[in-house]
Amino acid sequence: MKLSCSINGVARTIDVSANRRTVDLLREDLGLTGTKEGCGTGECGACTILVDGRSRLSCLMLAGQLEGRRITTIEGLAETEQLHPLQSSFVRHGAVQCGFCTPGMVLTATDLLDQQPHPDRSEIARAISGNICRCTGYQKIIDAIEYADNHSPPVAAAPTPAQSRQQRVEQAHPTQTITDRPVFFPESIDQLWRLIAAHPDARLFCGGTDLLVWLRARRVDPPALIGLERLDELHTIAATGDAIRIGAATSHAELLANPLITETLPVLAQALQQLGSPHIRRMGTIGGNLVTASPAGDTLPPLSVLDASVDLVSADGSRILSLTDFISGPGTTALLPGEILRSVIVPLPPPKAFHHFEKVGLRSALACSVASLAALIERAQDGTIRQVRLAWGSVGPTVTRLPEIEAALRGESLNETTFAAVLPAVHQALSPISDVRAGADYRRQVAANLLLRLPEMLSESSAPAQRPADTVAASRRLA
Ligand SMILES: Cc1cc2nc3c(=O)[nH]c(=O)nc-3n(C[C@H](O)[C@H](O)[C@H](O)COP(=O)(O)OP(=O)(O)OC[C@H]3O[C@@H](n4cnc5c(N)ncnc54)[C@H](O)[C@@H]3O)c2cc1C
Ligand code: FES
Ligand code: FES
């Protein structure tokens, strides 16, 4: 393809395969080696760049996704011969050790300070939680970001002046033009159906945070890819009657920025806050999370307790399936060839229900859950449990609902004794597997304990959901 985009302020037309990873395009074809590749799977943040000013992982983006976009790499951050204030601050605070993670840290921090000029230390820590410093120099990195707006005289850049950086970009020639796997980005649904008809074995993708990892590991090798990110109707969030309809291509970050979601569906918002890292939340989508159908998929338990259904559409028509009917097992769904997930339909929860989601992982960011629990609880006037819905993640082939436990809890007091009484039955009913993250017994124990923590967590943290005042629609391609 002829890729037209702006790189570090220079308009470029580049002959490159749409299938080429952005990190390879930047490093190998354009010589912009300030962008590092650490893990190659979205877990370290070393490859962070800015796309239209927002931080993205270049190892999980294809060149085709850059069309018309404004890309900034570390080489283009400083606009003069002086270092950018953040770079100066990193130098002054001794926040650079091996330096491998530094470009990604600086670009992530640039995005943060653009959005929020005076973050506190915990906000900075959250923002860089997807950027790993293996030498654990985090305190100095946080200092550098905290005081970047307060900097003393800037440090002169050396020895790569802006002019020579620009020349390198202009002189660069692609080293590789892979044309074996075309990538298409339809702009309308009709165009999508034509592409699917012409390429029936093509693989769909949206954020690419799962698919690009599988491609790299050669777990899949489709002859063509079709990106759904430019289909506006897949980006809409709207309250319609008694439900909220969420377009499948809505990113996790877009959902978290939408009051309709955070105020009406707190259980979903709580899960999204714990999904991946800021980068993954900005790139990954709700539709991708559901179609991947991982037992550890963080949106699955909350959507299950919310009784969500999915709207599937193909060239021949559409159908609506409950989430239970849609996800048939680990990694498998009821999607038929030629069909896409268009939207997720979430009925409005009871107005005074309490929402809670908790996930236990091996670390607080970028952790696949060892076990998770979503709960929606409605109380009667006398404080007893009128209605309860519980859904566990990561302890079975797909989301685990235990209707007999829910029935046993109805009418009981909302306290620890009540939950302790059903614990043996929960232990018995859960069937987790052992894997690299945790053994089956440990998972079962953690999952049961999450239930035991519910009364305390509900009294402390959760807020009753509100009904939306009116329809809110959002239509954006990138967060
Ligand atoms: C470092 C890292 C950390 C992660 N952490 C978490 C985590 O904590 N919790 C969690 O749940 N997930 C996590 N994930 C997984 C992933 O980010 C999510 O599952 C994400 O929501 C996938 O969305 P996507 O748009 O990127 O999917 P893609 O990679 O674009 O697609 C995933 C699958 O869905 C299909 N697909 C996508 N959209 C559609 C559609 N509209 N219709 C039909 N098929 C479609 C694709 O064909 C593909 O099979 C992580 C991933 C990475 C790389
Ligand atoms: S190289 Fe580690 S996140 Fe991209
Ligand atoms: S400075 Fe590079 S890993 Fe810490």
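In the predicted model, isoleucine 7 of strand β1 stands opposite isoleucine 71 in β5, and this pair belongs to a parallel pairing in which β1 and strand β5, residues 70-72, are linked over two bridges. Strand β1, residues 2-7, is also joined to strand β2, residues 10-15, by six bridges, and here the two strands run antiparallel. Within that antiparallel pairing, leucine 3 has isoleucine 14 in β2 as its bridge partner, while serine 4 stands opposite threonine 13 in β2. The hairpin made by β1 and β2 has two residues between the strands, and asparagine 8 takes a positive phi near 50° in this hairpin.

Taken as a whole, the chain has 19 helices and 18 strands, and 46% of its 479 residues count as buried. Among contacts between residues at least 6 apart in sequence, 69% join residues that are at least 24 apart.

An open sheet of five strands is arranged in the order β9-β10-β15-β11-β12, with antiparallel pairing. Its edge strands are β9, residues 237-240, and β12, residues 317-322, each of which pairs on one side only. From one strand to the next, the twist of this sheet averages 25°. Within the sheet, strand β11, comprising residues 309-314, runs antiparallel to strand β15, comprising residues 340-347, and five bridges join the two. One of the residues concerned is serine 309, for which the bridge partner in β15 is isoleucine 345.

A separate description applies to the open sheet formed by three strands in the order β6-β8-β7, in which the pairing is parallel. The edge strands in this case are β6, residues 183-184, and β7, and each of them pairs on one side only. Three bridges join β7 to β8, the two strands running parallel, and phenylalanine 205 has glycine 227 as its bridge partner in β8.

Ligand 1 is surrounded by 33 residues, of which the closest are Gly42, Gly207, Gly284, Gly288 and Asn289. The elements that give two or more residues to this shell are β7 (203-205), α8 (211-216), α12 (278-283), α13 (286-292) and β15. The shell therefore draws on strands from both of the sheets described above, since β7 and β15 are among these contributing elements, with β7 an edge strand of the three-stranded sheet and β15 placed between β10 and β11 in the five-stranded one. The greatest contribution to the shell around ligand 1 comes from α13, which gives five residues. By class, the shell around ligand 1 comprises 16 nonpolar, 13 polar and four charged residues.

Two residues in loops that follow shell-forming helices have a backbone conformation that deserves separate mention. Most residues other than glycine have a negative phi. Arginine 218, however, has a positive phi of about 55° although it is not a glycine, and alanine 293, likewise not a glycine, has a positive phi of about 55°. Arginine 218 lies in the loop between α8 and β8, the latter spanning residues 225-227, whereas alanine 293 lies in the loop between α13 and α14, the latter spanning residues 300-305. As to their surroundings, arginine 218 counts as exposed because it has 7 C-beta neighbours inside 10 Å, where 12 or fewer is the criterion for exposure. Alanine 293 counts as buried because 21 C-beta neighbours lie inside 10 Å of it, where burial requires 20 or more.

Threonine 418 is found in helix α17, which is made up of residues 416-429. With 17 C-beta neighbours inside 10 Å, threonine 418 falls between the limits for exposed and buried residues and so counts as partly exposed. When residues up to four places away in sequence are not counted, threonine 418 touches Leu409, Glu412 and Ser413. The C-alpha atoms of threonine 418 and leucine 452 are separated by 9.0 Å, the two residues being 34 residues apart along the chain.

Note on methods:
Residues numbered from 1 in each chain as written. Chains lettered and ligands numbered in written order. Predicted model: local features only at pLDDT ≥ 70, side-chain atom pairs only at ≥ 80, totals over all residues. Pairing = 2+ DSSP bridges. Helix = DSSP H or I, 4+ residues; strand = E, 2+ residues; numbered from the N terminus. Axes fitted to C-alpha atoms, helices over the stretch in contact; angles between N-to-C directions. Near = placed C-beta within 6 Å. Nonpolar A, V, L, I, M, F, W, Y, C, P; charged D, E, K, R; others polar. Contact = placed C-beta atoms within 7 Å.
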